[in-house]
Amino acid sequence: MRQSKLFTKARKEAPADEVAKNAKLLIRAGFVDKLQAGVYTYLPLGLRVLKNIENIIREEMNGAGGQEILMPSLHPKEFWQTTGRWDTMDDLYKVSDASGRENALGPTHEEIVVPLVKQFVSSYRDLPFATYQFQNKFRMELRAKSGILRGREFIMKDMYSFHRDEADLVAYYEMMKGVYARVFERVGLGERTYLTFASGGSFSKYSHEFQTVTPAGEDTIYVCDTCRVAVNKEIIADQSTCPSCESGDLHEETAIEVGNIFDLKTKFSDPFKLTYKDEEGKEQPVVMGCYGIGLGRILGTVVEVLGDDKGLVWPRAIAPFAMHLVEISSANTAVHEEAEKLYRELSGQGVEVLWDDREARAGEKFAESDLMGIPLRVVISEKTLTEGKFEIKDRATGEVSMVNRAELIKMCAMK
Ligand code: ATP
Ligand code: MG
């Protein structure tokens, strides 16, 4: 894409009321726009990152046998009354229309997916299966100070699995731990993300969170270095050793919850009477698990963890573009032509290139390029033209090298 055609621009300042590093950087670099506290628009650059994250998650969920659907946001009050959560969920947005009919704006979808599934499940032969979606959630978050990490409207991948018994759920749940670990690995958070024991399990004492260590986190966890798992402080009261290897050597960290998996047992099947007939024709309750990941939360966490004093730094797998091609001195037609040639050649090979073809000062272009955080920056100028080489910079390491055309193309293909 030609940067001169990009309708958004980098900005000097983020809004004065924005305190979070992730939102400040993303707004300045033109990736998101703030509509109101906890509510953001994803602009072309930000949306490209979000879609890359979405695709990684989709691949992994499909790999785990998940079937994608899309459920609505507007939920009839009665469904939420069935589970009692209409009255007990503090952060539920409630809206009513002119006729006085009340709806909830979905903060999660157990109340919708269970009655949906009930229409199709009647026998043990219909189980097990899992279904998921990418969907906007609404939550009246009180502390909307963490930028896109804690939105009042945000996109979540939520998956629900349905099983005939506890053993089948446990096997699937254990497999999902590995699937989640792979998602966080692929988006670039693997090293700092810990499988974390938290309260709220139905069978076992625990549910499991995936917590990424960062000072921007709102949770406190205790990390076991021996087996790379952690415990959430909220349950530490009765858990002073590692629940996995029983080591007592835990150290405290601040972290953000990027994902969460729950064994729900029959918590939601019971109120909706979601049952199946077993081999003997006996009615049995369906056993459920649920698995959430916040897409914006992953994006914001990557910014918090990898962003530096110059701006954003994207891992290649989720970067909005693989390469930022920066031409210096557009007045020089030879430079411009060379840039266009390279742009076409790389684009033709499927390399995603953002071409800064604008007339602006070199310093300004470089600062903006650093702010945007595209993994590779290639400069074409009169100097590089004379030398017959391209200057290539790795955004993450700052390493600069001079390479010829063939080497450059190889580097793009490699990453
Ligand atoms: P938290 O304790 O941070 O409020 P939660 O326990 O309410 O999270 P879940 O209901 O389990 O979160 O939601 C699943 C996932 O959705 C979380 O792991 C997180 O990645 C994401 N998420 C939850 N709330 C928000 C939010 N307000 N903004 C962005 N992402 C969110
Ligand atoms: Mg919450």
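1. In what order do the strands of the five-stranded open sheet run, and what kind of pairing do they have? In this predicted model, the order is β18-β17-β19-β20-β21, and the pairing is mixed. The edges of this sheet are formed by β18 (353-356) and β21 (400-403), each of which pairs on one side only. Neighbouring strands are turned against each other by 25° on average, with direction ignored.

2. One helix deserves attention alongside this sheet. Helix α11 packs on the sheet and touches β17 (323-327), β18, β19 (376-380) and β20. The direction of α11 makes about 175° with that of β17. At the other side of the strand order, β20 and β21 pair in the antiparallel sense over four bridges. Within that pairing, I392 stands opposite S401 in β21.

3. The helix α11 and the strand β20 also take part in enclosing a cavity. A search of the whole structure finds one cavity of 30 Å³ or more, and about 30 Å³ of space lies in the largest cavity. The residues lining this cavity are S369, D370, I374, P375, R377, K393, D394 and R395. Both α11 (362-372) and β20 (390-394) supply at least two residues of the lining. By class, the lining has five charged residues, two nonpolar and one polar.

4. The largest pocket is a separate item for inspection. Its volume is about 1200 Å³, and 48 residues line the pocket. Nearest the centre of the pocket lie R139, M156, E257, N260 and F262. The lining divides into 20 nonpolar, 16 charged and twelve polar residues.

5. Which elements supply the lining of the largest pocket with two or more residues? They are the strands β8 (153-163), β9 (193-199), β10 (206-213), β13 (250-265) and β16 (287-294), together with the helices α7 (233-236) and α9. Strand β13 gives the most, with nine residues.

6. Helix α9, one of the elements at the pocket, also meets a helix from early in the chain. The axes of α1 (residues 21-28) and α9 (residues 295-306) come within 8 Å and cross at roughly 95°. The two helices are therefore roughly perpendicular to each other. On the α1 side, the contact is made by K21, N22, L25 and L26; on the α9 side, L299, G300, V303 and E304 take part. Classed by residue type, this contact has four nonpolar, two polar and two charged residues.

7. A three-stranded open sheet has the order β4-β6-β5, with antiparallel pairing. Its edge strands are β4 (74-76) and β5 (93-96), and each pairs on one side only. From one strand to the next, the twist averages 40°. The pairing of β5 with β6 (residues 102-105) is antiparallel and extends over four bridges. Here Y93 stands opposite L105 in β6.

8. A hairpin is formed by β1 and β2, with two residues between them. The strands β1 (residues 32-36) and β2 (residues 39-42) pair in the antiparallel sense over four bridges. Q36 stands opposite V39 in β2. In the turn, G38 has a positive phi of about 80°.

9. Two backbone features should be checked against the model by eye. Most residues other than glycine have a negative phi, and most peptide bonds are trans. R228, which is not a glycine, nevertheless has a positive phi of about 60°. This residue is found in the loop between β11 (219-224) and β12 (229-232). A cis peptide bond joins L127 and P128, with omega about -5°. P128 lies in the loop between α5 (110-118) and β7 (129-138).

Terms used:
Residues are numbered from 1 along each chain as its sequence is written. Chains are lettered from A and ligands numbered from 1 in the order in which they are written. This is a predicted model: local features need pLDDT of at least 70, side-chain atom pairs count only at pLDDT 80 or more; totals for chains, interfaces and linings use all residues. Side-chain values use heavy atoms; hydrogens and water are left out. Two strands pair if DSSP finds at least two bridges between them. Axes are lines fitted to C-alpha atoms, for helices over the stretch in contact, and angles run from 0 to 180 degrees between N-to-C directions. Angles under 35 degrees count as roughly parallel, over 145 as roughly antiparallel, 65 to 115 as roughly perpendicular and the rest as oblique. Contact means heavy atoms within 4.5 Å. Ala, Val, Leu, Ile, Met, Phe, Trp, Tyr, Cys and Pro count as nonpolar, Asp, Glu, Lys and Arg as charged, and the others, Gly among them, as polar. On a 1 Å grid over the protein atoms alone, a cavity is a set of points where a 1.4 Å probe fits but cannot get out, and a pocket is an open set with protein on both sides within 12 Å along at least five of seven lines; lining residues have an atom within 4 Å of a point. Grid points are joined across faces, edges and corners, and a volume is the space filled by probe spheres set on the points.
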